[in-house]
Amino acid sequence: MPITTKDMLGLRGADAGLIAGILDAAAEMKRIMRSTERKCALLSGKSVVTLFYENSTRTRTSFETAAKLLSAMTTSISVSNSSVQKGESLIDTGHTLERIGADFMIIRHPMSGAAKLLAQNVKASVINAGDGTNEHPTQALLDMFTMQERLGELKGLNVAIVGDVLHSRVARSNLWGLTAMGAKVTFAGPGTLLPAEFEQAGARVTTDVKAAVKDADVVMALRIQKERQQAGLIPSVREYAKFYGINDGVLAHAKPGALVMHPGPINRGVEITGRVADSSVSVIDDQVENGVAVRMALLHLLSERNAQ
Ligand code: CP
């Protein structure tokens, strides 16, 4: 199914056809990435601007790489040395970038809803690269692409997502995306980091990590978001690692050979041991590579939609 919206703001409400279409396009983009030429001209003459109000390594670099592989012009706005520091608003920044010629704006912002606000005020296509605790749709798309690539159909897969669910935009986008694709999703973590909305949305929620990963096809650890923690939500990092970290003992409850995933960046020895992160069942490096393919696919599909 083609993309019909100007923007990609989240996966809440997305249907299986739309997600499958993006994942199919990503498979084609991965083939191009791995070809001798690596590049194609699908976004030739287009301008892609990355506007990140929060730190990033994977998302920002992979969007910029994706745009370059599609032959787009790329501009990276570092908020720390932009006119945002002089008090320029998000909307004024969007208008400025649009007059300079941005066709796409890729935004990461600490406020939930910031990507939507920008999208409502510019003609350019806006892609949400993470807004507060709301959504990080391209992360969930690359997660689903990685699962599909390794395990085949997403429908019926048991996916356990463990960690700081409360603050995780990755958890929310995976909830909407995986549920739409017919996967069974279980979220686990300390009770203080498990919001009620996940159970209401049809997922299983438990504080028992071993029960969560029982018979799982995929075990995904979430980063402890130290920057978003309020005092007292976890007893201590050491106790968190002991009771909620993914280690060999926890993984033994999953299906043999279950995939281990993490959106990154990893706090080694906290939400996942280095040994598990580096093990043969870990696909964390695949997730990073697939991020480029998925972002190429999204830029291409939005560009096709805008050309109509
Ligand atoms: N997974 C993710 O969003 O990583 P970055 O913060 O490095 O972009």
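**Exercise 1. Is S71 buried, partly exposed or exposed, going by its relative accessibility?**

Solution. The model is predicted, so local features need pLDDT of at least 70 and side-chain atom pairs count only at pLDDT 80 or more, whereas totals for chains, interfaces and linings use all residues. Residues are numbered from 1 along each chain as its sequence is written, and side-chain values use heavy atoms, with hydrogens and water left out.

Step 1: buried means under 20% relative accessible area, exposed over 50%, and partly exposed in between, with a 1.4 Å probe and protein chains only. Step 2: S71 has a relative accessibility of 25% and therefore counts as partly exposed. Step 3: S71 sits in the loop between α2 (58-69) and β2 (73-78), where helices (H or I, at least four residues) and strands (E, at least two) are DSSP runs numbered from the N terminus. Step 4: the phi of S71 is near 70 degrees, a positive value in a residue other than glycine.

**Exercise 2. Determine where the buried residues of helix α4 point, and what covers them.**

Solution. Step 1: within α4, which spans residues 114-121, the residues A114, A115, L118 and A119 are buried. Step 2: viewed down the axis of α4, these buried residues fall within an arc of 135 degrees, so they line one face of the helix; the arc is that of the directions from the helix axis to the C-beta atoms. Step 3: a general rule helps here, since an α-helix has 3.6 residues a turn, so residues three or four places apart point the same way. Step 4: the cover over the buried residues of α4 includes β1 (47-52), α3 (90-100), β3 (104-109) and β4 (125-131), contact being heavy atoms within 4.5 Å.

**Exercise 3. Describe the surroundings of the ligand and its polar partners.**

Solution. Step 1: the residues around the ligand are S56, T57, R58, T59, R108, H136, Q139, P263 and G264, each with a heavy atom within 4 Å of it. Step 2: a polar side-chain atom of S56 lies 2.6 Å from an oxygen atom of the ligand, and a backbone N or O atom of R58 lies 2.9 Å from an oxygen atom of the ligand. Step 3: a polar backbone atom of P263 is 2.8 Å from a nitrogen atom of the ligand. Step 4: taken alone, the ligand exposes 260 Å², of which the protein buries 92%, the areas coming from the Shrake-Rupley method with a 1.4 Å probe.

**Exercise 4. Place L299 in the nonpolar core.**

Solution. Step 1: a nonpolar core is a set of buried Ala, Val, Leu, Ile, Met, Phe, Trp, Tyr and Cys residues joined through side-chain atoms within 4.5 Å. Step 2: the largest such core has 65 residues, and L299 is among those that touch the most other members, together with I106, L141, M144, M147, F187 and M296. Step 3: L299 lies in helix α12 (residues 284-307) and is buried, with a relative accessible area of 0%. Step 4: not counting residues up to four places away in sequence, L299 touches L43, V48, F63, A66, A67, L70, F104, I106 and I127.

**Exercise 5. Find the side-chain partner of R268.**

Solution. Step 1: R268 is in the loop between β9 (259-261) and α11 (274-277), and is partly exposed, with a relative accessible area of 49%. Step 2: leaving aside neighbours within four places in sequence, R268 is in contact with G274, A277 and D278. Step 3: the side chains of R268 and D278 are joined by a polar contact of 2.9 Å. Such a contact is a pair of N or O atoms within 3.5 Å; within protein, one must be able to donate a hydrogen and the other to accept it, and residues adjacent in sequence count only if both atoms are side-chain atoms.
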